[in-house]
Amino acid sequence: MPVPTTKRGLLLVNLGTPDAPESGPVRRYLREFLNDPRVIDVHPVGRWFLLNLFILPFRPAKSAEAYRKVWTKEGSPLLVYSRALEAKVAEQLRDDYEVELAMRYGNPSLPDAIARLKAKGVSEFTVLPLYPHEAASSSASSLARTYEVLAEGWDVPNVRAVPAFWDDAGFLDAFAAVARPVIADTRADHVLFSFHGLPERHMRKSDPTGQHCLSSAGCCDAITAENRHCYRAQCFATARMLAQRLSLPEGGYTVSFQSRLGRTPWVKPYTDLVLPELAAKGVKRLAVMCPAFVADCLETLEEIGLRAKEQFVEAGGESLTLVPSLNAHPEWVDAVVRMVRASDGPSATARAGSR
Ligand SMILES: C=CC1=C(C)c2cc3[nH]c(cc4nc(cc5[nH]c(cc1n2)c(C)c5CCC(=O)O)C(CCC(=O)O)=C4C)c(C)c3C=C
Ligand SMILES: [Fe+2]
Ligand SMILES: [Fe+2]
């Protein structure tokens, strides 16, 4: 009797986004997102007070207004671009994988996506968190929730995770390919690599030695055995490798961190403080790349494309151009397909045949 082959499923997991750019849906999304202890890492009672007294009464209306500025006819940019990636990856992997997009918060939810894969007969899962860099609040939270949902039944399936890809040549080449014409067409005289920030407290908690992270000014300047899982060190390394691909000279680029929330210190330097400094130094035409995001979203289109642009021009700059994210760029689709295949080793069919 031939051994039945296993059916494989690929889960592409991104952060999530509200269902509509209105206060109600944004509040529902933020409640789920910010209730995650890997995002707001304080005592549950403190988190309840923070959320219900300080964040949820005010932020949804402000955020909804920001979302409305970038919302598309098809929906939230993050969802639209992630869906486009899903479709192209599914097309390339159609002989070997069922593919589903899932969001860590909001829709399409992880439990629903996993249920759809199981209904198609999938019994081996590959999960690819759509974040280049490792952070408890992004990739680790997506992985933990995926494992939790998959472990709920009595028939816990095999699951593999595609590792963070901050140094993957396909990812870097694709981002450089998107950036090159933008930098040339706008005659940019400087490139800012603006990454999503993190509270410094998260960085220290993620350092298993407890001694390295943020312990000196240059602790993220090179990847070492001690800091290879450090979010900030990975971001700096991505920027260096992109700068090299784009032939940017040493002083021709800057790294910064955006999107901070609350009053505790986040990783520095802060994008909104770096922008006026660059203008004061005489930078005129700035190109901004956001390589922590593989799909354009509120944080790229509104925070950088609209707000940072206004801030830079007010500070004396001539222009700020947001380099689009990878979205469903063909080189990025190829890179995703390659990373998925590489993480899975020999195909299920080949292994079944060798038993
Ligand atoms: C790139 C990876 C991300 C990390 C790490 C991350 C950490 C993090 N984020 C917040 C708070 C907010 N982030 C928000 C939006 C948002 N964040 C990411 C990615 C990471 N966040 C993305 C892709 C997006 C865009 C979502 C979209 O719908 O387009 C928001 C919501 C918007 C707003 O109200 O500003 C918040 C809030 C924290 C606190 C955090 C780490 C502790
Ligand atoms: Fe570090
Ligand atoms: Fe965020």
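The shell around ligand 1 takes at least three residues from each of two domains, domain 1 (8-165 + 330-354) and domain 2 (169-322). The model is predicted. The largest nonpolar core likewise draws at least three residues from each of domain 1 and domain 2.

**Surroundings of ligand 1**

- Among the 23 residues around ligand 1, those that come nearest are Thr17, Ser63, Ser138, Cys297 and Leu298.
- Three helices, H3 (59-70), H6 (136-150) and H11 (298-314), each contribute at least two residues to the shell.
- The composition of the shell by class is 13 nonpolar, eight polar and two charged residues.

**Largest nonpolar core**

- This core has 96 residues, of which Leu12, Leu128, Val288 and Met289 touch the most other members.
- Helix H9 (residues 231-245) provides the largest share of the core, eight residues.
- Leu12 is in contact with Ser82, Leu85, Glu86, Val89, Val99, Leu101, Leu128 and Leu130, when its neighbours within four places in sequence are left aside.
- In soluble globular proteins, nonpolar side chains tend to be buried together.

**Helix H10**

- Thr271, Val274, Leu275, Leu278 and Ala279 are the buried residues of helix H10 (residues 271-280).
- These buried residues lie on the same side of H10 because they cover an arc of only 135° around the axis.
- Leu273 and Ala280, on the other side of H10, are exposed.
- The packing partners of the buried residues of H10 are strand E5 (190-196), strand E6 (253-258), strand E7 (285-289) and H11.
- Gly282 follows H10 and has a positive phi, near 100°.

Technical notes. Residues numbered from 1 in each chain as written. Chains lettered and ligands numbered in written order. Predicted model: local features only at pLDDT ≥ 70, side-chain atom pairs only at ≥ 80, totals over all residues. Near = placed C-beta within 6 Å. Helix = DSSP H or I, 4+ residues; strand = E, 2+ residues; numbered from the N terminus. Nonpolar A, V, L, I, M, F, W, Y, C, P; charged D, E, K, R; others polar. Domains from an automatic or database assignment. Core = buried A, V, L, I, M, F, W, Y, C linked by C-beta atoms within 7 Å. Buried ≥ 20, exposed ≤ 12 C-beta atoms within 10 Å, placed from the backbone. Contact = placed C-beta atoms within 7 Å. Arc of directions from axis to C-beta.
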